[in-house]
Every structure is written in structure tokens, then in C-alpha cells.
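Student: I'd like to learn how to read helix packing and internal space in a model. Can we walk through one together?

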Amino acid sequence: DDIYQHRARLVYNDFDWESDRPLETPMEDLVVYEMHVRSFTKHPSAAVRHPGTFSAIREKISYFKEMGINCIELMPIYEFDQFEGSHINEETGERLVNYWGYSTVGFFAPKAAYASTGRAHDATMVADELKNLVKELHKNGIEIILDVVFNHTAEGNEWGHAISFRGIDNATYYMLTPEGYYFNFSGTGNTLNCNNPVVRNMVLDCLRYWVAEYHIDGFRFDLASILGRDPWGAPLSNPPLLEALANDPVLAKTKLIAEAWDAGGLYQVGSFPAYGRWAEWNGKYRDDLRKYLTGEAGLVGGLSQRIQGSPDLYTGRGPTASVNFITCHDGFTLMDTFSYNEKHNEANGEENRDGANDNNSWNSGWEGETDDPAINALRKRQIKNAATLLMVSHGVPMILMGDEVGRTKYGNNNTYCHDNELNWLDWNLHEQNADLLRYFKLMIAFRHAHPALRGRDHLRNQDYVGSGYADVSWHGTQAWNADWSGNSRTLAFMLCGQHAKGGTEKDDYIYVATNTHWEGHTFELPQLSDGRQWHVAANTNMPSPEDIWEVGQEPLLEDQHNFFVGSRSTIVLVGK
């Protein structure tokens, strides 16, 4: 072991940003794509010049534009040691590494291994490669958010290496017990003492640096509840760091997104100290949507809240406080959510003990891969149902890399240690599951085309513009009469286009009916006035390409009074 393995270099600050400026895309207009730099293009099928690098992402910008993605969220790119905790899995002979990178070594340095130069001594070239990526993304209308880890450092527990902060001032930078041991609210051995003024200034300096020097558009904070704890771990009612970040002038236009929980059991979804600025990864959206989609009863009340941008959680903050997601890097992919009842993490070498046990998944009748065409068709339909509900929900939708093409991790819900095809995106799937990719593209285009789906304020469930219809109304198999009972598996809603963006814009009427029952149901449609008629935008029960229509090409519905929604299916109608 080289005891001096971690070194630093100065970077020349001579990059030509040309006329690049932050895009400042409104939160409600974002469609976020969460991805890992290396995984996105490392697979040979990606067909890029420098697989697994920042420059390879540049080669794929046209893919984001085709998809309608206008914001990418990168898993950690601050310098980390991928060999930290590295060991051989005795059963498979594979080397397991710190692949995801949630263990920061250098807060002010992009990861050298993610640059095509690949050598840290070319530090300026590494920095410039990332800056070129950001500049090119901005030219194409795409923002970039970084996943940042300020809750702990790579020093580890009491017996770990002294890399930086431990050697500078252990008692200032870390939360210590009276006996001098490390508090471990991060689950990784140590916890940064974020509300100490010295540490707080370091975090602020770091984020200002990334905004000023790299033109980064926003940050997602890993285990952000730690940032609100006092030196002994108690949650602060007014955390100085979170307040300083919210009110910092350099960060004023950046997105701030909290993972509003930590490994110490503090769960703050809906109650994170926001100061009018912070958004949250909405873990309750994920849980309620998964439970509903996999067929649990009694969830229609929760589903109605999630579709509206979770007003039960974010009253006074608006739907843009809610980053809606059904899957993220941590846990099952969307395909695996409908392919596995249990996690299958044996390849991690921890006897399947690691990873979450509460996946809210359903294997559709068979555990894992199958040749059964009926089960495979059901899984694809479920993925389309998930994509539909995500794109018609108020809030900020986030898609996990590869879900749009049915990517699987074979039931492994914690692939943090694999630099292999468990994590790499197989670009052959874009042809194999072209129907899924088409559905995602057109559903995202539908969201972009309809301002009624992208309000800054919560829906009021009333008519305040005199259209004759409430901004949102709730329906069931009978129009105007939703079934809110404990055994209900059906729900429909209508958005009145006259109320789009608080009545400041005009839009079509949108009707969505979802049925997670194993039997089909006929839904009575609400009747429209002003000569409007219902047209079919999407119907997940139909085979491709009749499952979804391009915006403006939606066929007129023959029966304007009733619509049969198949088992475990979702429909979207537009009234125009």
C-alpha cells in the first residue's frame, strides 16, 4: 500500500466558456435522468470513442434530446478511491470495488478516471473535459445536477486512513462521542460535523466553486438529513448549513435537492428545513406508486396526493418541492420491480444480507427472467403504466438510466460494488425494447406539450376561472364518483386545461384512468362542453404502436361516453 496515494494538483484556469450561462430552467419544466458516468457508456454496445468518460456522454447528447431529457443528474463525480474496500468475491472470483463513489476523497476535484485522459497528473485536461461536457449540454438546453456527498468522508471509522480532515482537525470536522469515537449516522464509519462554522464554510466554498468554475446547475445532497444534525446528532430546528445554502447569493439560481433521510433513522420527507428553496427526493412517491402499480389495494387516496405533487407533504412549498421517482440508482430498476419479489444480491459477497428488503415489487407471476410471452408483455405494460403516471404527476419527474429500455440488474438492488454488466447500460436494449423507448419518448413529449401537467402551485380542486370544471376532478368507473374505498384499485382524474399554470395558460383537457385490478373495467367518461371531444393519447393495454400517439396525432374516440380500461392498464385522453 502506498501511504501517499492521495495527491493534489493545481488546475490552470484558462478554459474558454465562450458565452455559456446557466440555463435556469424552471423546476416544473425539468425531466431529470439519473445516471452514472461510467455505466452510461462503458458497455461495448455504446460504440463511443472513450467508453465510460465525460467525453463519451458528449457523444450521446443527441440521445437525451431525442428522449426529451433536459436535465441529467450524475452520481458522484468528486474524486473518490474506487479501490477503497476492494476485495475478491470468493465465490465468483470477481473484484468488488467502490463503484458508485459515495465516499469522497477530494471535494474540489472531478474524478480523473472519468476523463478520457484518465491520468490525474493531467489535472487541467480532466477539468477541461468536464467543462466541455457542461458547455455542450447547455448549448443543447440540458442542465446538469451533481449528486454530492457531504455527510461523511473516505477516512472511514476510527481505524481508517487519515486522508485530509482527520489529519487537519479531527474534532472539528467529525461528530465525536465524549469518548472520542465517531458517530456513524452515515452508515460508513464517520459523520461530518456539518454545522460547525469551519465545516459549513468548506461546504459553501465547495459548492460555490462548482457553480463558478464548472457552471453546474444544481446539486442533490446524499443523506441530507445529516446536514441538519447538531454535533451530538440531534436534529436542529434551524440548521445553519441548510439555511446558508438556501440564502447564498452564488447559489441563488441553482437547484438544491435533498435526499431527506439518513442512515441514523432520521426521515424528513415533507419536513426537511426548506427555506423556500430546497426540493426533496420524494420517497413516499416511490413507495405509494410502487405499491399501487403492483396491485396493492387501499392506495388510491395516497395516489391522488402523489399525482397532485404531494400537497399533503408540501403545503406552502408547491409541487416543485417534490422530485417524483419510482426508481433510482439505489434499489430495483423498473424492469426488476415487476420481475422479482425478492432481492438477489449474492454477487455482492455478503450472503444477500445487504440492500433493502422492502422493495414493494411484484414478479408478475415468475421470479426473474422468463420466456413466457404473457409475463413479458405484462412486465412491459407495467413499465408503461409507471412511465405514464410519472409523466402526468405534478412535481419534477426523475427517470433512472436504462429504465426507458427495460434494463435489468437481475434482481440485485444494491450494485454499489460492480464494475461490470450489472451496472453498465447495454445499448442493444434500445433495439430489443424499441417499443418501450418509443413509449417513454412520446410520454415525455406529452408532458412537455401540456402546461396543465406542470404547475408551480398545488391544484385547488375547484373552479376558479369560470370554466365550469374544477382544475382537477376525481372519477372512477362512474364519472365524478371516484372509489376511495379500502379495496379500490381504480382511479381516474381530469385536468381542466383552462386552469393550466394557475389559469395563465390555455391547454387541452386531460383525462387519465388507471386500473391495477387483474380484471378490466369500463370507465364512464366525464362529458365535455364547448364542442370538445375526447381523443386517445395513450392506452398501455394496446400493442405498440397503438399504445401511444404523437402529440397532435391522437385519434378521435368513437364512443365519447365510455372507455374500457384493460387489466393492469392506464389510459390518457385529451379533450380538444
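Student: Which residues in helix 12 meet which ones in helix 14?

Tutor: Keep in mind that this is a predicted model. From helix 12, the residues in contact are Lys-380, Ile-383, Lys-384, Ala-387, Thr-388, Leu-390, Met-391 and Val-392. Helix 14 answers with Asp-435, Leu-436, Tyr-439, Phe-440, Met-443, Ile-444 and Arg-447. Sorted by class, that contact has 10 nonpolar, one polar and four charged residues.

Student: How do I read the geometry: at what angle do the axes of helix 12 and helix 14 cross?

Tutor: Look at the distance and the angle together. The two axes come within 9 Å and cross at roughly 15°. Angles under 35 degrees count as roughly parallel, so helix 12 is roughly parallel to helix 14. As for handedness, helix 12 passes helix 14 in a right-handed crossing.

Student: On to enclosed space. How many cavities of 30 Å³ or more does a search of the whole structure find?

Tutor: Two. Let's take the second largest, with a volume of about 50 Å³, since it ties in with the helices we just discussed. Helix 12 (373-392) and strand 12 (396-400) each supply at least two residues of its lining. Among the lining residues are Ala-387, Leu-390 and Phe-440, and those three also take part in the contact between helix 12 and helix 14.

Student: What classes of residue make up that lining?

Tutor: The second largest cavity has nine nonpolar residues, one polar and one charged. Asp-403 and Thr-327 are in the list too, along with Ile-326, Leu-334 and others.

Student: And what volume does the largest cavity have?

Tutor: About 70 Å³. Its lining divides into five nonpolar, four polar and three charged residues, including Glu-34, His-36, Trp-100, His-329, Arg-407 and Lys-409. Leu-400 is one to click on: it lines the largest cavity and also the second largest.

Student: Pockets are open rather than enclosed, right? How much space lies in the largest pocket?

Tutor: Right, a pocket is an open set, while a probe in a cavity cannot get out. The largest pocket holds about 1,400 Å³ of space and is lined by 50 residues. To find its centre, look for Trp-100, Ser-186, Asp-330, Asn-414 and Tyr-416, which lie nearest to it. Trp-100 also belongs to the lining of the largest cavity.

Student: Which helix gives the largest share of the pocket lining?

Tutor: Helix 8 (residues 283-293), with three residues. By class, the pocket lining splits into 18 nonpolar, 20 polar and 12 charged.

Definitions and conventions: Residues numbered from 1 in each chain as written. Predicted model: local features only at pLDDT ≥ 70, side-chain atom pairs only at ≥ 80, totals over all residues. Heavy atoms only, no water. 1 Å grid on protein atoms, 1.4 Å probe; cavity = no way out; pocket = protein on both sides within 12 Å on 5 of 7 lines; lining within 4 Å. Points joined across faces, edges and corners; volume = space filled by probe spheres on them. Nonpolar A, V, L, I, M, F, W, Y, C, P; charged D, E, K, R; others polar. Helix = DSSP H or I, 4+ residues; strand = E, 2+ residues; numbered from the N terminus. Axes fitted to C-alpha atoms, helices over the stretch in contact; angles between N-to-C directions. Parallel < 35°, antiparallel > 145°, perpendicular 65-115°, else oblique. Left-handed = near helix turned anticlockwise from the far one by under 90°. Contact = heavy atoms within 4.5 Å.
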